[in-house]
Amino acid sequence: MFGRKSIITVLTTSMLLSAGVVYAQTTNAANAQSVTAFDNKIIKKISADNMYNTIKYLSAVPREAGTEGEVRGVEYIESQFKSLGLETRRIPFPIYDYKTNSQLAEVDGVNLNGRAFSGSGSGNVTAELVNVGKATTGEVTDAVAGKIALVARGDIAFVDKVKNVFAKGAVGVLMYNNASGAFTGQANGELPAVGITREQGLNLVEKLKNGPVTATLNVDIQKIEKTSFVVEAKLKPNKNKDTGQIVTIGSHHDSVPNGPGANDDASGVSAVLELARIFVNTPIDTEVRFLTFGSEERGMVGSSFYVSQLPQSDIDRMVAHFQMDMIGGAEAGEDHPLGGLIMYTIDGQKNLVTDLGASATSRLYDVAIPYGQLGRSDHQPFHDVGIPSALFIHSPVEPQYHKPTDTIDHISKEKLQQATSTVGAAAYQIIRPDTPALERAHVAPATVNYDYENRPVD
Ligand code: BES
Ligand code: ZN
């Protein structure tokens, strides 16, 4: 059997051959290709009006994870998938909110007016302070065992700093800012963790040079469990023509708290539903899973959960993940070609998904869109288990990003149409029945030149 890596190698080789090895050339002119009958089978059916209506419905109510608003969105998405006859599942997973009842950080009896981290543990500890710098793995030693770690903000995530000192036996975290003012970090309930100002922190660093310093942390935090969801809809291939491979097409249905999230990411959901509507009536030889994730805005919790519950045998069969997040922003993309549509990968490398995406825009719009390096969405957990994946987004993002103004009136139907056509045409190259499996894809589309671009996204 071919593993996933050899599948890509062979596909790329066949693409190069059929393209007459145009790979070395650098201009887009060398990419000139045109829309195929295969493309037309998909793109002619895509209705931006359908997508617009989906966004309108979803963005009427904020969809913060764990709220009634998320459930309303999930019910809608689920009902759409079910009405298409798809095998649909609502997959629940827990998320946690933290309510701070009391918080205190004291040194030598002086209250530092600190702020407990969201997700700080509860407890009342008095112990010596130990300066652990930025608490990177190398910096934290056993000297912190039984002590309170004095930590500088910066370079690595809050949660990783807390994890590193907890692993060495610390009983508390006192973290100082790297900018002016107060701040609140995140932790996972391991131990009391409180944030103080940069000035206070630097004073303590000096004080420690003259001898031991004792601190007290007293935190009372309530952990509240809520439920968020992933919606999964499976489209099975024709039984007599099944490559055994799986393609996933995803978006996130949650919004930021109180955000209408029309573009972020009702737009992506509308594209997932639209492609589902079209693919159910199109013969295919590859399973397609349409996915909408909850709790992306809390750190890709839904997509991480989804990937974590997959049997390894499914992961082994997954050959491509297409993530659509923010694909309709009228004011996104500045003057870049195709409204600023770009494909971001986690490692900044091309892969099967970006090859097919660039090739699709080259055929459809005479421009090979670039790729770049960025996480910040649900393609991350798929990449982490070795599935070729990319985020399709207009970059730079629009000024309404994460604001109450991320509403339907800033959505462009043209951008919806282009981004969805791109992903639809790209995915169809894998799932259409005359390409029996990627490793035997004689009729795979020619590859094109497309460039790496280091484009600031916001
Ligand atoms: N849709 C955004 C992703 C995004 C926004 C990418 C702006 C690039 C630029 C996503 O919903 C988001 O806001 N992600 C969070 C990170 C997440 C892991 C909490 C972000 O980028 O802050
Ligand atoms: Zn988003």
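A residue counts as near a molecule when one of its heavy atoms lies within 4 Å of it. Keep that in mind as you click around, and remember that this is a predicted model.

**Start with the whole chain.** Colour the protein by its domain assignment: domain 1 takes in 2–95 + 226–449, and domain 2 runs over 109–212. Their centres, taken over C-alpha atoms, sit 41 Å apart.

**Now select ligand 1.** There are 16 residues around ligand 1, and the ones that come nearest are Glu296, Asp325, Arg376, Tyr401 and His402. Sort that shell by character and you get seven nonpolar, three polar and six charged residues.

Show side chains next and check the polar contacts. Arg376 puts a side-chain N or O atom 2.4 Å from an oxygen atom of ligand 1. For Glu296, the matching distance to a ligand oxygen is 2.7 Å. His402 has a polar side-chain atom 2.9 Å from an oxygen of ligand 1. Switch on a surface here: of the 510 Å² of accessible area that ligand 1 has on its own, the protein covers 86%.

**Hop over to the zinc ion, ligand 2.** Which protein atoms hold the donor positions? Pick His252 (NE2), Asp264 (OD) and Asp325, which is listed with OD twice; these lie 1.9 to 2.6 Å from the zinc ion. Along the chain, the donors follow the spacing H-x11-D-x60-D. Trace the backbone between two of them: His252 is in strand β9 (residues 246–252), while Asp325 is in the loop between β11 (318–324) and β12 (341–345), 73 residues apart.

Why is the arrangement irregular? Because the six donor atoms around the zinc ion subtend angles of 52 to 166°.

Conventions
Residues numbered from 1 in each chain as written. Chains lettered and ligands numbered in written order. Predicted model: local features only at pLDDT ≥ 70, side-chain atom pairs only at ≥ 80, totals over all residues. Heavy atoms only, no water. Polar contact = N/O pair within 3.5 Å; in protein donor to acceptor, adjacent residues only side chain to side chain. Areas by Shrake-Rupley, 256 points an atom, 1.4 Å probe, with all protein chains shown as cover. Nonpolar A, V, L, I, M, F, W, Y, C, P; charged D, E, K, R; others polar. Domains from an automatic or database assignment. Donors = N, O, S within 2.8 Å, 3.2 Å for Na, K, Ca; no water. Tetrahedral: all angles 85-135°; square planar, octahedral: opposite > 155°, others 65-115°. Helix = DSSP H or I, 4+ residues; strand = E, 2+ residues; numbered from the N terminus.
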